[in-house]
Amino acid sequence: MDIDILLALQDGIPIVKEPFTAIAERLGIESGEVIERLKKLQGEKVIRRFGVFVRNRKVGIIANAMVVWAVPSHRIQEVGNFISKFKEVTHCYQRQTILGKWKYNLYAVIHGFKRETVREFVRKLSEEVEIKDYLILFSTKEFIRRSSGRVRAKDRTLVGD
Amino acid sequence: MEANGRLDGMDKRLLQLAQDEFPLTDQPWLSIGNRLGITEREVLKRIGVLCKKGIIRKVGPALDARRIGLKASTLIAMKVPEERIRKVAKLLSEYEEVSHCYQRKHDYNLWFTVTARDEMELEKILEEIKRGVDIAENDLLDLRPIKMFKIDVRFQLA
């Protein structure tokens, strides 16, 4: 049933007074059960967040950069935690380097209204963590953007089921 | 919303609250309205307009890919000749496993993420993509994740 609920609403709830009742009716259960299961899934962190998702470009947040830093491995944890604290940062990952080709190991996606603001933010951030070796890769075109976490109808399993 | 299509103060507060603290209750818009001092009807009207204008992508859950069984992922960077970039992006968009794809200002100018059930499925998709896009191995970086520090896609509007 968890999977049925997620399949039914992962692309969005209907914009009506009682959205969970509408979903419940489709599934032949009570709205209370939908809500309880969603809360449980949120508690288990299967659902990272529930709510409105905004198309940032449409509200003027058009400066979007992927910033990559070359961080000494013993400082990755500390620097990663520090960078992740800022609300301008939506994603932060450590990734493998590629010998002789790519030395950057810490990635953050950063958003702002203007490129200049993002550049200034990154300059200050990098100064604070004392990492001088970094690149700011502004996106010039968005080709694909969808959720990576979609329950696929063909799988029908959740981890831990 | 203002006549010129810009968000007014109430839209901003509404979007902020509905990003940050969406209530899982029978009438979520009613409690959001109560907190903002407007009626459920007005909330629904505003949300409807924001959806229609494409400002709201969706109202729903963001799922943790790993916790729903998609355990392998990577970020690929490629050097694609400018004149081929659209074609390559179009090919990538046909894979539901490719979730994000951006052109960026760098020699590695096309960046995309791939998410799959497991290592085997990921490799299979990558092999297929590599054959399809015809980019030399040397012009490609396969940047596997080691640690996720943060994913929280919310925007500060109010």
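**Exercise 1. In this predicted model, find how far apart the C-alpha centres of domain 1 and domain 2 of chain B lie.**

Solution. Start with the bounds: domain 1 of chain B covers 9–52 and domain 2 covers 66–143. Next, take the centre of each domain over its C-alpha atoms; the two centres of chain B are 37 Å apart. Repeat this for chain A, where domain 1 is 2–43 and domain 2 is 56–138. There the separation of the centres is 36 Å.

**Exercise 2. List the order of helices and strands in chain B, and decide whether chain B is spread out or compact.**

Solution. Count the elements of chain B: five helices and six strands. Read from the N terminus, their order is α-α-α-β-β-α-β-β-α-β-β. For 158 residues the globule rule gives 15 Å, whereas the radius of gyration of chain B is 20 Å, well over that value, so chain B is more spread out than a compact globule. For the extents, the C-alpha trace of chain B spans about 60 × 35 × 25 Å along its principal axes. As to burial, 36% of the 158 residues of chain B count as buried. Finally, take the contacts in chain B between residues at least 6 apart in sequence: 57% of them join residues at least 24 apart.

**Exercise 3. Describe the contact of chain B with chain A: how many residues does each chain give, and which element of chain B gives the most?**

Solution. Chain A gives 67 residues and chain B gives 67 residues. On the side of chain B that touches chain A, strand β1 (residues 56–63) gives the most, with eight residues. Sorting the residues of that side by type yields 37 nonpolar, 16 polar and 14 charged. Then look for strand pairing across the chains: strand β3 (residues 89–95) of chain A and strand β6 (residues 145–151) of chain B run antiparallel, joined by five bridges. To place one residue in register, A:Cys92 stands opposite B:Lys150 in β6(B).

**Exercise 4. Identify which residues of the largest nonpolar core touch the most other members, and trace the contacts of A:Met66.**

Solution. In soluble globular proteins, nonpolar side chains tend to be buried together. The largest nonpolar core here has 80 residues; A:Val52, A:Met66, A:Val67, A:Ile110, B:Ile56, B:Leu63 and B:Phe112 touch the most other members. Strand β2 (residues 63–69) of chain A supplies the largest share of this core, six residues. For A:Met66, set aside neighbours within four places in sequence. The contacts of A:Met66 are then A:Tyr107, A:Val109 and A:Leu137 in chain A, with B:Arg104 and B:Trp111 in chain B.

Definitions and conventions
Residues numbered from 1 in each chain as written. Chains lettered and ligands numbered in written order. Predicted model: local features only at pLDDT ≥ 70, side-chain atom pairs only at ≥ 80, totals over all residues. Domains from an automatic or database assignment. Contact = placed C-beta atoms within 7 Å. Helix = DSSP H or I, 4+ residues; strand = E, 2+ residues; numbered from the N terminus. Nonpolar A, V, L, I, M, F, W, Y, C, P; charged D, E, K, R; others polar. Pairing = 2+ DSSP bridges. Rg over C-alpha atoms; globule rule 2.2 N^0.38 Å. Buried ≥ 20, exposed ≤ 12 C-beta atoms within 10 Å, placed from the backbone. Core = buried A, V, L, I, M, F, W, Y, C linked by C-beta atoms within 7 Å.
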